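This report considers how a nonpolar core, a strand arrangement and one threonine residue relate to each other in a predicted model. The sequence and structure are shown first.

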Amino acid sequence: MTTPPLATAILVLGPPLVFKAYETEFSEKFNFLKPWKTPLPLHQFIATHSCNVRAIFCSAVSPVTAEIIQSLPELRFVLTSSIGVNHIDLRECKRRGIVVANAGSTFVEDVADMAVGLLIDVVKRISAGNRLVKARVWPRQGDYPLTHKVCYIFT
């Protein structure tokens, strides 16, 4: 009787926020290895599963170092949910012929919108005023100070 081969796996580092949001749907289609769900140190977890890992799914906060890449002999693909790839050792990936992909400009407009929204929130102190009202402390602290315009439009 022969032992069946172990399933091809995707090592998830981080995990990326998109993975947290869609973990159930992703897990129906792929075999994910989730090191954060085990007490083992990362290097030990990787050593345990190294022969099965064909891909890595990561975020910008999870470096994919040469050491990690070298410990995965079957690694063929690294995917990051970020725009940048500076957290991935591209030199080692190139040396090994590993394909690297990123989110590209997928979230650029959303991030820009969020940045402008947060800027307006900080300058106009919207969240701070909201907290003051919800805490019902304005009778003791007095009126909430108004702010200035964020920009002026000249015609």
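In this predicted model, the largest nonpolar core comprises 18 residues, and those with the most contacts inside it are Leu-11, Ile-56, Val-64, Leu-72, Leu-75 and Val-78. At least two residues of this core come from each of β1 (9-12), α2 (42-49), β3 (53-58) and α3 (66-70). Strand β3 gives the largest share, three residues.

Val-64 illustrates the surroundings of one core member. Residues up to four places away in sequence aside, Val-64 touches Leu-13, Ile-56, Cys-58, Ile-69, Val-78, His-87, Ile-88 and Asp-89. A second core, separate from the one above, has six residues, among them Phe-19, Phe-32, Ala-55 and Phe-57.

**The sheet**

Five strands build an open sheet with parallel pairing, in the order β2-β1-β3-β4-β5. Its edge strands, β2 (32-33) and β5 (99-101), each pair on one side only. Strand β3 is mostly covered, with five of its six residues buried. On one side, β3 pairs with β1 in the parallel sense over four bridges; β3 and β4 also run parallel and are joined by four bridges. Individual residue pairs along β3 are listed below.

| Residue in β3 | Opposite residue or bridge partner |
|---|---|
| Val-53 | Ala-9 |
| Ala-55 | Phe-77 in β4 |
| Phe-57 | Val-12 |

Two residues of the table, Ala-55 and Phe-57, are included in the second core.

**Thr-80**

Thr-80 lies in strand β4, which spans residues 77-80. Is Thr-80 buried or exposed? Its relative accessibility is 1%, and because buried means under 20%, Thr-80 counts as buried.

Which polar partners does the side chain of Thr-80 reach? One is the backbone oxygen of Cys-58, at 3.5 Å. The other polar contact, of 3.0 Å, links the side chain of Thr-80 to that of His-87.

Neighbours within four places in sequence aside, Thr-80 is in contact with Cys-58, Ser-59, Ala-60, Val-85, His-87, Ile-88, Ala-101, Asn-102 and Ala-103. Cys-58, His-87 and Ile-88 appear in this list and are also touched by Val-64.

Note on methods:
Residues numbered from 1 in each chain as written. Predicted model: local features only at pLDDT ≥ 70, side-chain atom pairs only at ≥ 80, totals over all residues. Heavy atoms only, no water. Core = buried A, V, L, I, M, F, W, Y, C linked by side-chain atoms within 4.5 Å. Buried < 20%, exposed > 50% of the residue type's maximum accessible area, 1.4 Å probe, protein only. Contact = heavy atoms within 4.5 Å. Polar contact = N/O pair within 3.5 Å; in protein donor to acceptor, adjacent residues only side chain to side chain. Pairing = 2+ DSSP bridges.
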